[in-house]
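This report considers the surroundings of a bound ligand and the pairing of aromatic rings. Please consult the sequence and the model alongside the text.

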Amino acid sequence: MSALFEPITLRELTIPNRVWMAPMCMYSAAGEGPETGVATDFHLTHLASRAAGGTGLVIVEATAVLPGGRISPQDLGLWNDRQQQALTRVTEAIRSYGSVPAIQLAHAGRKASTAGRRGGGAPLEPDAGGWRTVGPSPLAFEGYPEPDALSTTEIAEIVQAFADAARRALAAGFQAVEVHGAHGYLVHSFLSPAANHRTDEYGGSFENRIRFALEVVAAVRAVWPAELPVLFRTSATDWLTEDAEEERDGWTGEDTVRLAKELQAAGVDLLDVSTGGLTAGARIPVAPDYQVPFAAQVRAATGLPTGAVGLITQPEQAEAILAAGQADVILLGRELLRTPYWPQYAARTLGAERRWPVQYRAVVGADA
Ligand code: FNR
């Protein structure tokens, strides 16, 4: 029996297998006017095809809770009815293939207002549609403009925006919501002492630096049904500590374990464990499975279910991570872009039952 193709139940939601699609920005929403942040036919095709391919849960790309929280003008957003309606089509399509639709809610903080990966990634000048960014402190990400430090009133508004977007996500048919707490975006920048130099209740001590993340989670949890899961994506380490000046030390795996316990108490059901993104200068030992030990550490120390992600491409590799108890689910990013029907291929490799779309079943056969 393959662990990868065992269903998993979080709260009262059963997800048919443990091959999940990682959130990936496609920079494909219209940048201006009433279509800003609205999912297009591309999103529908792109996401539904992974559901048709047998992926158990599909996480829609980082979706901004406010206009200023977009990485680029072409990001998805979820602050108005039009955006909500377009995502409703997406969730219906994903569900029609027996897969579970999830969405990652995000605020890009000091890494907002760029041309996006497709546009080369550089910060946008004001005359090219750029806007002023915000962060915990007026500390810039390398090569980016200095953000405005958020006031406590503005922090409360952003927390509320996460709750409002979660409410819209539920109305759009999503069955799981993921808070983006990774990759140097706003939530992560509050966590890390390398980006957060505040002296109020949101900075300084560990308890103060995690306050914003916990407030966002509590606000989302409060509007999300008790029977459905809330996920949290974390950057388990900034990969900074060894060389960094003491006062600029980054976030570490031990910090992540401490945070995971707090998130668990706040109603998070699974930690999606990534790393990095806080600084451009971090030296990251990128290789297959390089982030898996962090997922394993959290799972062993807290019992909180974890997701492993990052350069996982082979069925046997994914199966081994689960079999070793390092994680509960596997998130695939680029490999699912290359191979939308990867779960079908993996099921055959691992001797598990195939989940073809009903339209194909009689033609291709269960053991094809
Ligand atoms: C990403 N990644 C990402 N992560 C995230 O949390 N939110 C996002 O919106 C995005 N966007 C995104 C776009 C593209 C084009 C790529 C390739 C990646 C990171 C992604 O979810 C995943 O963690 C990494 O790609 C590592 O996994 P793979 O690709 O090695 O399986």
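A residue is called buried when its relative accessible area is under 20%. The structure discussed here is a predicted model, and in it both F141 and Y144 meet the criterion for buried residues.

**Aromatic pairs**

A pair of aromatic rings is described by the distance of the centres and the angle of the planes. Rings are taken to pair if their centres lie within 6.5 Å, and planes over 60 degrees apart count as edge-to-face. The count by this rule comes to 8 aromatic pairs. In one of them, the ring centres of F141 and Y144 are 4.9 Å apart and the planes stand at 85 degrees, so this pair is edge-to-face. The rings of W342 and Y345 have a centre distance of 6.5 Å and planes at 75 degrees, and therefore they too form an edge-to-face pair.

**Ligand environment**

There are 16 residues around the ligand, of which P23, Q104, L311, G333 and R334 come nearest. By residue class, this shell divides into 8 nonpolar, 5 polar and 3 charged residues. The space that the ligand takes is the largest pocket.

Backbone atoms of the protein also lie close to oxygen atoms of the ligand, as the following table sets out.

| Residue (backbone N or O atom) | Distance to an oxygen atom of the ligand |
|---|---|
| P23 | 2.8 Å |
| A62 | 3.1 Å |
| G333 | 2.8 Å |

On its own, the ligand has 610 Å² of accessible area, and the protein covers 88% of it. Two of the residues in the table, P23 and G333, are also listed among those that come nearest to the ligand.

Terms used: Residues are numbered from 1 along each chain as its sequence is written. This is a predicted model: local features need pLDDT of at least 70, side-chain atom pairs count only at pLDDT 80 or more; totals for chains, interfaces and linings use all residues. Side-chain values use heavy atoms; hydrogens and water are left out. A residue is near a molecule or strand if one of its heavy atoms lies within 4 Å of it. A polar contact is a pair of N or O atoms within 3.5 Å; within protein, one must be able to donate a hydrogen and the other to accept it, and residues adjacent in sequence count only if both atoms are side-chain atoms. Accessible areas come from the Shrake-Rupley method with a 1.4 Å probe; for residues, only the protein chains shown count as cover. On a 1 Å grid over the protein atoms alone, a cavity is a set of points where a 1.4 Å probe fits but cannot get out, and a pocket is an open set with protein on both sides within 12 Å along at least five of seven lines; lining residues have an atom within 4 Å of a point. A molecule sits in a cavity or pocket if more than half of its atoms lie within 2 Å of its grid points. Ala, Val, Leu, Ile, Met, Phe, Trp, Tyr, Cys and Pro count as nonpolar, Asp, Glu, Lys and Arg as charged, and the others, Gly among them, as polar. Rings of Phe, Tyr and Trp (its six-membered ring) pair if their centres lie within 6.5 Å; planes under 30 degrees apart count as stacked, over 60 as edge-to-face and the rest as tilted. Buried means under 20% relative accessible area, exposed over 50%, partly exposed in between (1.4 Å probe, protein chains only).
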